[in-house]
Every structure is written in structure tokens, then in C-alpha cells.
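Please open the model in your viewer and keep the sequence panel beside it. The tour below proposes one selection after another and says what is found at each stop.

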Amino acid sequence: MPYYILTCRSLTYAQRAREVLSAAGFRGAVIKTPGAIAASGCGYSVKLLRGRLEDALALLGKQGLGPRKIFLEAADGYREVRP
Amino acid sequence: MIYFDAAATTLQKPPQVAEAVLRAMKSLGSPGRGGHRYAMEAAEAVYNCRKKAAAMFSAPGPENVIFTFNATHGLNIAVRSLAERGDRVVISAWEHNAVLRPLTAAGANIAVARDRAFCPEETAESFRRELDKGARACFVNMVSNVSGYVLPVYEIAALCRERGVPLAVDASQAAGTMEIDWERLGAAFVAMPGHKGLYGPQGTGLLIVGAGAQPVLYGGTGSDSALPEMPDFLPDRLEAGTHNTAGIAGLSAALDWVRGREGRIAGLERELVSLAARGLESIPGAEVYRDKTGESQGGVLSFNLSGRDPEELAERLGRRGFALRAGLHCAPLAHKSLGTFPAGTVRLSFSAFNRPDEVSRLVWTVRDEAGL
């Protein structure tokens, strides 16, 4: 099943984003950003496990927690998504 | 031995603090350093502590809580961020060397808002005068570690806000017993140790910070690692190198214990200060430096015995079972303000684990030392 990966500025921002999403009924997990999509070295992301991407982005945007980039994780690799 | 040196560090801690440290040492990796289970569990432990501290001190968010080694570390960040060579910086007459030395090293033009102990109106007026002469920044100690004087920090904060002067607050002797509301203060920085009134392990501290802070340490942060510059976002900008994860886990347990008890602890400390002061004042030749109304005094009390060197007296009391601190307490400026420089004072400082009977035993022993 494909998942969206929301790359974040920092580990703390990823943790905050996960909490905001969780409180609104989304399900997400903080993960180390996979090397293939880590633009500037180390970083952390929220992997969106349940919920609509557009709704999640709107929610995070309101909290000042918008992701740096969004990727779709599929069996054949990662594809950047531009909402 | 009876421990009366909580202003240096609280010795007795809630048992869950040591338990949390031990658990962390056995099971946690390094937060932000990898995606494996041990790193991620460490990341959760650290984040939980950030959240608790943010809630306790009204920080805008967990990212505004910076983990430091102690309050001095946080105050160095504040000085580095606010003061450059020649800048006029207004400070209280009760500052610790944790403020005085970094400002001196930065080459700041230090202006002291002089006042007498336990006169908050005079203190506020002195700050008003000094701030009106112009200031690049202002540093205030919430509670003197020498006299226990509780400065009118919220009034001083309002004066700073009205004049657009960034404020840094040293909450070393206040955290855990007094309200520290970052939002209400409108401060640029609030620094505090984790190991005093918050009852966490030594080697922990908290800095509550807004935007524009400059690091004093540069290095790995586990973020934007390809870039040679420090990240421009908090908390990473101010947290280079490996965290004291075990210490932070202990501090997190300590915050759970302290939160909700602050009023009771402050009440107990006031009671012990009053008991000690009245007992010591009954000894001929004793000079006790305190606020007789109790309104502007925290859990610290200084005294001297006429004709006795404070260091020598503290040593003798130490041999008789009391852990006290004498001398200048790393705060020569405060002793100058109190009129006790250069010999200093004998200082008692209390925690939630002290009892009135311990104070009575001390008073009896000092009375004996005075030859009564």
C-alpha cells in the first residue's frame, strides 16, 4: 500500500506534526527520512498511515508545521508529490 | 548530615528521578541519531520532557525549550545572542557570575540597577532609571542566590517591553517554587537549572527561548547534516552534540513530581526561612539578612556571626553535621549589594525534603557556637 512521507525541518517538528495529526484522527509515525529522499543529509519525516493528504496538509499548514517536501512511497521507490 | 544547600543543588530527589535515569541509561540511544528503535525511543523521551517544560513555563511550543547543561549554559547563549562589545546592558545588583562573567567576556558596558535588598519598589525604580538611559539588553535574576531576595521581575519585564529592550531572566532559584510564565514575561530568554528546585539530575538545564538566538556550541544536530552551518530552526540551532538523554529522562520524571507541588514547596521553604531567621536573630551577635515581611524572600537565607569568618563557621557547622555553603556564592555583586563583600555570609537554602526540626537543630548548634 502506498504511503505519503512528509519530510520535516527537524525531529521535533516531525513529532509535533505527528501529534497534531493524531489529535485530528489521522495516523502517522515519525521515521528517519529515507536516504533516497533526504535532501540535505539527516532528517526526520512523518509517514502518513491513514487519512487524506490534502486534509493533513491543510491542518499542518494552520499550525505552521507544513512539510518541506512530500513523497509517495510505492513498491518501485519514491516520487515527489506537489499538491 | 542535614543538607541545607539546595541553592547549589538539591541533594535529595524524588526516587522516580534516579529510576528514570537508570532506565534511560539501560535502554535509550541518542535522539535524532538514526531511525532504529533505541534512537526513536530516546527521541520520544526527550520530546516528552520538552512538552512538559513548555506547558509548565508557557513556552509557545516544545521547540522553544532548549536542553542545556545548567543555567549558566543557557545564560551564555542569552549573552551571546543579546550583547556585543560596547553594548550597554542593564543588570540587577543581584546577578550571579553566570551573567557577570559572560557579559564581561563579551565586552559589554554593564550598568547595574543598584538597590537595597527586599525593596521591590526601589528595584523597579532603579531599573526604570537605567533603562531610560538606553539599553541593548537587560538581565535579571528572579531570586538572589545570596539573600533570597525575590526581585519584581514581572514589573521589570513590563519596563523592558515598553522600551523594546530584550530581557533575559535567570530563574535559577525560582524554578520549581515560583510562577515562571514565559508568555507573560515577554522575555527573550529564561534560563534555569534542572538540578535545583526542579529536582532533576545535575548536568541538566532548560532555556526557554524565542526567535533570534545564537548558538555557543556548533556541531552535529541530526538535521540538515549536509550543510556546514547550524540549522536556523529551534531546538536544533542551540543543541549541538549528543544530548544528556539519561539526565533529560530524569528531569522529565522530576517535572512530573514538581508540577502541582510548587505552592506547597514554596510554603514549606518560607516556613523554614522564617523559623531559621527568628531563631538566629535571637542569638546575640547574629546578623540575619532577610525580609521581615517575608513577601519578597525565597527559600534562601544568609547570616553572619559577629567576629566570625563565615567560611570558618560553615566548616565548624559542617563538622557538626550541617551541609551549608559560605563565602561569596559565586555572586560578588550580590554581596556588594548586601554589604557583605568580601568575606560573604553563611547561607542556608532549603528544599521540599527539609523539616522544621532540622532547622531547630541548626539554630541550637549556632547558638552553641556563639558560646551561649
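## First stop: two helices of chain B

Select Gln16(B), Val17(B), Ala20(B), Val21(B), Arg23(B), Ala24(B) and Met25(B) in α1(B), and then add the residues of α8(B) that they meet, which are Thr245(B), Ala246(B), Gly247(B), Ala249(B), Gly250(B), Ser252(B), Ala253(B), Ala254(B) and Trp257(B). Contact here is taken between residues whose C-beta atoms, placed from the backbone, lie within 7 Å, while helices (H or I, at least four residues) and strands (E, at least two) are DSSP runs numbered from the N terminus. By class, this contact of α1(B) with α8(B) has 10 nonpolar, five polar and one charged residues, where Ala, Val, Leu, Ile, Met, Phe, Trp, Tyr, Cys and Pro count as nonpolar, Asp, Glu, Lys and Arg as charged, and the others, Gly among them, as polar.

Before going further, please note that this is a predicted model, in which local features need pLDDT of at least 70 and side-chain atom pairs count only at pLDDT 80 or more, whereas totals for chains, interfaces and linings use all residues. Residues are numbered from 1 along each chain as its sequence is written, and chains are lettered from A and ligands numbered from 1 in the order in which they are written.

Now show the whole of α1(B) and of α8(B), residues 245–258, whose axes lie 8 Å apart and make an angle of about 150 degrees; axes are lines fitted to C-alpha atoms, for helices over the stretch in contact, and angles run from 0 to 180 degrees between N-to-C directions. The two helices α1(B) and α8(B) are therefore roughly antiparallel, a description used for angles over 145 degrees, just as roughly parallel is used for those under 35. Their crossing is right-handed, meaning that the near helix is turned clockwise from the far one by less than a right angle.

## Second stop: another helix pair in chain B

Next select α5(B), residues 120–132, together with α6(B), residues 153–163, whose axes come within 9 Å and cross at roughly 20 degrees. These two helices, α5(B) and α6(B), are therefore roughly parallel to each other, and α5(B) passes α6(B) in a right-handed crossing. To see the contact, display Ala124(B), Phe127(B), Arg128(B) and Leu131(B) from α5(B), along with Glu155(B), Ile156(B), Leu159(B), Cys160(B) and Arg163(B) from α6(B). Six of the residues in this contact are nonpolar, none is polar and three are charged.

## Third stop: loops of chain B

Select Asp224(B) in the loop between β8 and α8 of chain B, where this residue has a positive phi of about 45 degrees although it is not a glycine. Is Asp224(B) buried or exposed? Asp224(B) counts as buried, with 21 C-beta neighbours inside 10 Å; the cut-offs are 20 or more other C-beta atoms within 10 Å for buried, 12 or fewer for exposed, and anything in between for partly exposed, with C-beta atoms placed from the backbone.

The loop between β8 and α8 of chain B also holds Pro235(B), and the peptide bond that leads to Pro235(B) from Leu234(B) is cis, with omega near 0 degrees. Moving on to Pro342(B), in the loop between α11 and β13 of chain B, you will find that the bond from Phe341(B) to Pro342(B) is cis, with omega near 10 degrees.

Then select Cys330(B), placed in the loop between β12 and α11 of chain B, which has a positive phi of about 55 degrees although it is not a glycine. Cys330(B) counts as partly exposed, with 16 C-beta neighbours inside 10 Å.

## Fourth stop: the sheet of chain A

Turn to chain A, where five strands form an open sheet in the order β2-β3-β1-β4-β5 with antiparallel pairing, two strands being paired if DSSP finds at least two bridges between them. The edge strands are β2 and β5 of chain A, each of which pairs on one side only. Select Val30(A) and you will find it opposite Val46(A) in β3(A), β2(A) and β3(A) being joined by six bridges. Towards β5(A), select Glu73(A), which stands opposite Tyr78(A).

## Last stop: where the chains meet

Finally, colour the two chains separately: 20 residues of chain B are in contact with 13 residues of chain A. The side of chain B that touches chain A has nine nonpolar, seven polar and four charged residues.

Note on methods
Parallel < 35°, antiparallel > 145°, perpendicular 65-115°, else oblique.
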